[in-house]
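This report covers the internal cavities of one protein model, then a helix and a buried side chain. Look at the structure below before reading on.

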Amino acid sequence: METNIVLGQGLSGSALAWQLHWQGVRVEIVDRGSPVTASRIAAGLITPVTGRRLTRFHDFDQDLSFAQEFYQRVETEVGETLFERQPAARFFVDDAEREFFLTERLASLRDDVEPIGEAGDAGDASEAGTTIGFWMQHAARLRVLRYLDLTRDYFAARGQYHQADIDLSAIHLQAGEVSVDCPALSATHLYFCQGYQAQQNPWFPDIPNAPARGEILTVRIPSRTAQHVVHQGHWIVPLDLGVGTESSGDFIVGATYDRENLTALKTEAGKTELLKAARQFASSSDEEVPEILGHTSAVRAGTRQRRPVMMKHPEHPQLAILNGMGSKASLWAPVSAKRLLEMMAQSEASPVSKPRAKSKSLTTLAHSIVRRAITAGDLAIDATSGNGYDTLFLAQCVGESGRVTSIDVQLPAIESTRARLEANGIINVHLLHGDHGQHLHRIADEHQQAKAIMFNLGYLPGSDKQQTTTPDSTIMAIRAGLQILSNGGVMTVTAYRGHPGGQQEAAAVAELAKSLPAASITVDVIPGSDDNNESPVLFVFRT
């Protein structure tokens with residue numbers, strides 16, 4: 001029988017172990033046995049709509065369906081209920097979020113949500129004044145700690161679970177085989193499923209590349225009897241007593257988010273933030289102070305791309321990694337484990353061609369991101385005028401009371417932008433001919449503050465393709481732009497990788513993004529296509 005080693009028995013490792021087991025592969029799980037990990041303190045929440053922008057996950061329905069089937073199969077193996085579909089409430093944190101939901105999200109989310117009125121029941125979404133939130137009808141929850149413990153016990157009873165801390169630099173590779181010394185195991189494949197650890201993985205360095213520490217409180221709120229999950233900036237969940245049981249008045253409240261301090265230490269600031277959130281969830285009176293029963297902290301594995309990493313080692317086919325699911329691991333672990341195993345099987349068989357995934361419209365996405373960041377009266381900057389489309393868009397966003405500065409090194413771009421603005425009656429744009437790095441540095445020296453800056457790298461469409469933006473000037477301009485961005489501002493950089501020099505320029509931007517202090521600047525990296533490394537890529541910098 002083929003043997004595989006799985007390092008780490010969190011949500012990723014457990015999902016992979018079960019699927020290998022069901023394929024008839026002998027699984028040897030090796031785990032440090034730490035009582036506090038990101039997986040072990042996770043609330044197990046699965047929600048279709050998340051984040052400040054109320055984003056619905058792509059392929060959520062398919063992923064949820066697969067996760068439910070997976071966990072139900074585990075339930076059959078261990079004889080205990082672990083997974084439950086249950087609507088969850090999301091209340092708006094402010095009027096701006098409510099307005100955004102009603103005007104830009106409700107129409108597209110009607111199949112997933114039901115508005116909540118002032119009394120807490122379903123309300124009329126057309127009455128903006130009475131809608132205070134919405135029910136997420138397709139939410140679910142996994143009893144994570146019980147799932148992990150039962151998974152450990154299942155494989156331990158078969159002699160396939162080992163508590164050990166393996167030296168990752170002492171993994172031995174031979175032709176078609178991989179082995180470890182303690183415990184003494186050998187296998188055809190070894191899978192790294194360790195989440196975030198302080199010890200960097202020498203086989204897959206820089207994964208995860210955007211970990212974040214989160215703190216969680218366990219509290220007692222006698223007045224709160226509701227059993228459903230509630231989100232309002234933070235979330236509150238009844239303490240896990242088993243699916244279908246009554247609430248005891250004890251809850252977990254989470255979570256903080258810290259990408260700078262990547263230790264597992266609990267903080268007074270985190271406790272204070274969560275206690276404040278817990279008080280808003282108390283239902284009897286504003287004077288009720290929740291009793292703190294527990295306080296935990298752990299670092300969860302995330303990626304800048306906000307997608308799981310499923311990767312076979314490029315030089316050592318015995319090694320692979322499943323990582324980077326962040327707070328979505330309860331949803332993503334089952335399907336990601338399946339896809340990784342399919343990838344491994346396909347790479348060991350004859351190559352199979354598959355259709356290229358449809359590219360995303362990064363221009364539309366960049367506009368949507370910027371539109372939510374700026375309001376009338378703001379200053380916005382188009383750092384690459386091009387043919388004036390982004391400049392016109394920014395001018396329309398900031399309105400007559402706002403200002404736009406538009407820059408381009410090519411005079412034809414400035415003239416094309418000027419003509420487009422005149423045709424649309426726009427007069428509040430300052431056009432600058434010259435290098436964007438130099439102009440942006442001057443603006444920074446003048447201490448001007450912009451709410452949004454947009455870059456479209458590469459060549460001017462319809463002109464000489466040999467005349468392009470360059471890495472040195474672009475990096476200089478982005479650094480200056482970060483000095484100009486005000487708090488809560490956003491800068492989008494769309495890099496085109498399909499022309500000569502485009503790959504190098506995109507790589508330079510990616511390197512800059514990695515070097516920035518995570519405490520003050522966050523960066524999202526969004527490729528136009530998941531399977532085409534020449535597709536454009538969008539970098540979103542937020543302050």
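The lining of the second largest cavity in this predicted model has three nonpolar, five polar and one charged residues. Its volume is about 40 Å³. T363, A366, H367, D390, M454, F455, N456, T492 and T494 form the lining. Three elements each supply at least two of these residues: helix α7 (362-373), strand β26 (450-456) and strand β27 (485-495).

In total, the structure holds two cavities of 30 Å³ or more. The largest has a volume of about 60 Å³. By class, its lining has seven nonpolar, three polar and one charged residues. The residues are L45, I46, T47, Q86, P87, A88, A139, A140, R141, V229 and H231. Strands β3 (45-46) and β10 (140-142) each give at least two residues to this lining.

The table sets out the two cavities.

| Cavity | Volume | Nonpolar lining residues | Polar lining residues | Charged lining residues |
|---|---|---|---|---|
| Largest | about 60 Å³ | seven | three | one |
| Second largest | about 40 Å³ | three | five | one |

Next, the helix. Helix α2 covers residues 60-78, 19 residues in all. From its first C-alpha to its last it reaches 26 Å. That is close to the 27 Å expected at 1.5 Å a residue. Which residues of α2 are buried? They are F60, D63, L64, A67, Q68, F70, Y71, V74 and E75. D63 and E75, both in this set, are acidic by name, and Q68 is also listed as buried. After α2 comes G79. The phi of G79 is positive, near 75°.

Last, a single side chain. N428 is found in the loop between helix α9 (411-423) and strand β25 (429-433). Is N428 buried or exposed? N428 has a relative accessible area of 17%. Buried means under 20%, so N428 is buried. A polar atom of the N428 side chain lies 2.8 Å from the backbone oxygen of G399. G399 is also one of the residues that N428 touches. Leaving out residues up to four places away in sequence, the others are A395, V398, E400, G402, R403 and V404.

Conventions. Residues numbered from 1 in each chain as written. Predicted model: local features only at pLDDT ≥ 70, side-chain atom pairs only at ≥ 80, totals over all residues. Heavy atoms only, no water. Helix = DSSP H or I, 4+ residues; strand = E, 2+ residues; numbered from the N terminus. Buried < 20%, exposed > 50% of the residue type's maximum accessible area, 1.4 Å probe, protein only. Polar contact = N/O pair within 3.5 Å; in protein donor to acceptor, adjacent residues only side chain to side chain. Contact = heavy atoms within 4.5 Å. 1 Å grid on protein atoms, 1.4 Å probe; cavity = no way out; pocket = protein on both sides within 12 Å on 5 of 7 lines; lining within 4 Å. Points joined across faces, edges and corners; volume = space filled by probe spheres on them. Nonpolar A, V, L, I, M, F, W, Y, C, P; charged D, E, K, R; others polar. Expected span 1.5 Å × (residues − 1).
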